[in-house]
Amino acid sequence: MVVQARSKHREAAAAAAAPPRASPQPRRAVGAGEPELERELPGGRGFPAAPPSGGRRPGRKGQRPEPAHPPRSLLSRVSAGLRARLGQRPAGGRGRTWTTLLLAAFAGILHWSHITSLFENDRHFSHLSTLEREMAFRTEMGLYYSYFKTIVEAPSFYSGVWMIMNDKLTEYPLMINTLKRFNLYPEVVLASWYRIYTWIMDLIGIQTKICWTVTRGEGLSPIESCEGLGDPACFYVAVIFLLNGLMMALFFIYGTYLSGSRLGGLVTVLCFFFNHGECTRVMWTPPLRESFSYPFLVLQMLLVTHILRATNVYRGSLIALCISNIFFMLPWQFAQFVLLTQIASLFAVYVVGYIDLCKLKKIIYIHMISLALCFILMFGNSMLLTSYYASSLVIIWGILAMRPHFLKANVSELSLWVIQGCTWLFGTVLLKYLTSKILGIADDAHISNLLTSKFFSYKDFDTLMYTCAAEFDFMEKETPLRYTRTLLLPVVLVVFAAIVRRTMTDILCVLSKQRSHLRKHQFDHGELVYHALQLLAYTVLGILIMRLKLFLTPHMCIMASLICSRQLFGWLFCKVHPSTVVFAVLAIMSVQGSANLQHQWSIIGEFSNLPQEELIEWIKFNTKPDAVFAGAMPTMASVKLSALRPIVNHPHYEDAGLRARTKIVYSMYSRKPAEEVKQELIKLRVNYYILEESWCIRRTKPGCSMPEIWDVEDPSNAGKTPLCSLLVKDSRPHFPTVFQNRIYKVLEVIKER
């Protein structure tokens with residue numbers, strides 16, 4: 001049977017039944033080989049296993065004994081709860097709580113200043129024109145920002161929202177609800193804030209931006225540049241950087257709470273800074289979905305940690321978890337895969353008995369509620385219901401409901417664990433397959449194909465479009481070396497080994513039929529086991545897809561905080577003061593860490609893309625407002641954003657219909673006949689095609705040029721000269737050239753009469 005940790009009530013009953021003792025005696029954990037560590041408060045502080053008196057507080061005869069803990073006001077209880085969550089002792093706790101919050105605020109301001117400076121140094125953003133700022137938002141970033149721009153420039157906020165919900169520019173001639181398709185709630189919220197901000201400032205007569213003329217030299221025309229929160233682009237990135245500054249404050253609180261020491265918060269923050277380039281890319285690509293979503297994952301994981309650690313789970317914690325789930329999922333489609341790993345880790349912690357059935361049920365219910373609310377807010381986005389995450393929640397709920405039947409099975413403890421694990425794994429895959437087939441959804445089919453291509457020789461057009469991009473390739477071999485140079489990897493391995501050793505001792509105790517409460521000598525709660533399993537999940541994701549190390553590295557920084565945990569390293573801190581160990585580790589980390597920071601600070605540049613600027617200006621003044629364009633996905637985002645022209649394809653590649661459209665558009669880089677490609681473009685109602693020679697010859701690695709990708713998809717034409725090479729030399733007679741510079745060539749697609 002599944003052996004669960006004893007509840008607080010059973011321990012209290014056992015203590016009441018036992019005879020009073022004069023003083024608590026130290027106990028030894030069976031098989032541990034060392035004195036049992038003091039039990040942990042929610043913040044990790046130790047306390048004796050029994051009261052010193054061993055009994056009830058005496059009172060006068062005929063009088064009611066005075067309560068050990070007199071009633072406290074609501075403010076006192078809230079303060080005590082906050083102190084407990086921050087891992088502080090009650091005595092003098094109010095001052096320590098404020099110290100922790102002030103240190104967290106300082107960390108947040110420091111990170112905000114850091115990423116703001118890096119972004120400005122890299123782009124010289126404050127001195128760019130409006131067009132240059134828009135061009136600086138490449139690929140997906142430009143697509144997302146275009147909807148913010150639409151709402152900001154609309155006659156009213158509601159008309160702007162209506163325009164993005166009835167959009168005909170993005171996938172012409174289709175009308176799509178982009179709020180449903182592209183996770184655009186951040187842009188809607190930021191646009192409403194911008195309109196409110198500018199309205200209030202105009203009302204009270206405060207200037208919100210300063211504009212001046214910038215001379216660019218080299219024969220270029222002067223531009224007008226505006227700086228201040230009154231400029232839409234400046235306001236947009238400022239809010240993103242502020243949010244990610246708050247994220248660092250959360251990291252400090254998270255590290256403090258998990259380790260039970262403010263030193264743990266310090267370790268987390270410094271590890272993040274020392275490995276900043278591996279932790280985030282918000283300073284280079286602010287509008288990406290992760291910039292809005294990931295800070296709420298940090299909050300969500302902190303709340304999960306609190307719920308796992310707490311003896312009683314209160315409604316407020318569950319509501320906060322639900323809200324953080326929603327704020328994490330709404331901005332980012334990929335969030336469901338991250339939450340899948342979390343649910344899998346929590347289920348594994350439950351199976352081996354570290355959390356009880358009731359607590360896991362509450363967590364599962366909250367995830368179900370937040371998923372349902374996101375489904376409603378996303379106007380019925382079917383990818384949420386047909387995801388592995390949704391299927392996993394249903395299967396785990398079924399396993400929990402069938403728990404009595406599992407317990408009746410006459411099998412060993414290990415066999416029961418294996419049965420539950422296999423039921424979850426195969427049930428999730430089967431249910432996801434069935435729901436996708438029943439609802440006819442194939443939007444996320446490329447994810448399965450992408451994972452298949454990682455382990456087998458499977459290739460098709462869509463998987464090659466992903467795997468040929470560096471960020472979707474396997475993790476670089478240099479990444480673990482960079483972790484090692486900053487000492488992050490060695491510290492995390494030490495922490496992970498300490499958790500595994502104690503967990504294995506617990507598991508062996510259970511499998512050998514020893515008393516279940518022996519696990520209490522190792523871990524009072526399952527949050528450390530959960531974090532270890534979550535680390536394994538993020539490691540697998542990061543190895544398979546390099547981009548996902550943005551989950552792995554910050555979580556490693558969180559795990560590094562446990563080097564300060566008395567629960568794990570109390571035996572060491574009895575001999576050496578914790579601060580001595582921590583500052584010695586940080587001193588070694590800072591050698592390479594400071595070099596990494598110096599490298600980031602040395603990046604000085606200025607954004608300029610004159611060829612694209614010429615292209616956008618030509619489109620604005622030489623084509624009709626309803627002229628339809630096709631071309632490479634990154635360029636199409638800029639055409640829609642800055643030229644406001646309809647496009648037929650764009651960088652948001654997660655929709656099955658859009659992938660089919662993009663394949664047609666990219667046939668210009670295949671070896672197909674020109675006439676065949678032209679007819680397909682006419683069916684899409686394309687008026688102009690933007691051809692880029694670099695896409696014809698660029699090759700990130702063997703087999704990854706566009707003609708080579710098409711050889712996999714269209715082997716019948718393999719060996720022929722690519723169509724793009726022919727059109728670069730002479731586009732006649734099928735596609736007349738109407739504009740050309742050193743990068744772009746605009747071809748007119750004329751419908752034959």
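**Figure 1. Overall view of the predicted protein model.** The secondary structure of the protein consists of 34 helices and eight strands. The chain has 753 residues, and 53% of these count as buried. Where contacts join residues at least 6 apart in sequence, 73% of them connect residues at least 24 apart. The protein has an accessible surface of about 34400 Å², and carbon and sulfur atoms account for 64% of this area.

**Figure 2. A nonpolar patch on the surface.** The patch is formed by Val 189, Trp 193, Ile 196, Trp 199, Ile 200, Leu 203, Ile 204 and Ile 206. Together these residues have about 820 Å² of accessible area. One of them, Leu 203, is located in helix H8, which covers residues 185–204. Leu 203 counts as exposed because its relative accessibility is 61%, and the cut-off for this class is over 50%.

**Figure 3. The salt bridge between Asp 714 and Lys 672.** The structure contains 21 salt bridges. In the one shown here, the side chains of Asp 714 and Lys 672 meet at 3.6 Å, N to O. The pair links distant parts of the chain, with the two residues 42 residues apart. Asp 714 belongs to the loop between helix H33 (706–713) and helix H34 (723–729), while Lys 672 belongs to the loop between helix H30 (656–665) and helix H31 (674–683). Asp 714 and Lys 672 are both buried.

**Figure 4. A salt bridge within helix H31, between Glu 680 and Lys 683.** The side chains of Glu 680 and Lys 683 form a salt bridge of 3.5 Å, N to O. Both residues lie in helix H31 and are three residues apart, about one turn of the helix. Glu 680 has a relative accessible area of 29% and is therefore partly exposed. Lys 683, with a relative accessibility of 64%, counts as exposed.

**Figure 5. The salt bridge between Asp 730 and Arg 732, and a salt-bridge network.** The closest N and O atoms of Asp 730 and Arg 732 are 3.3 Å apart, and the two residues form a salt bridge. Asp 730 is partly exposed, because its relative accessible area is 36%. Arg 732 reaches 63% relative accessibility and so counts as exposed. A network is formed by Glu 278, Glu 476, Arg 482 and Lys 549, which are joined by salt bridges that share partners.

Key:
Residues are numbered from 1 along each chain as its sequence is written. This is a predicted model: local features need pLDDT of at least 70, side-chain atom pairs count only at pLDDT 80 or more; totals for chains, interfaces and linings use all residues. Side-chain values use heavy atoms; hydrogens and water are left out. Helices (H or I, at least four residues) and strands (E, at least two) are DSSP runs, numbered from the N terminus. Buried means under 20% relative accessible area, exposed over 50%, partly exposed in between (1.4 Å probe, protein chains only). Contact means heavy atoms within 4.5 Å. Accessible areas come from the Shrake-Rupley method with a 1.4 Å probe; for residues, only the protein chains shown count as cover. Patches are made of residues with over 30% relative accessible area and no salt bridge: like charges are joined within 9 Å, nonpolar side chains (Val, Leu, Ile, Met, Phe, Trp, Tyr) within 5 Å. A salt bridge is a side-chain nitrogen of Lys or Arg within 4 Å of a carboxyl oxygen of Asp or Glu.
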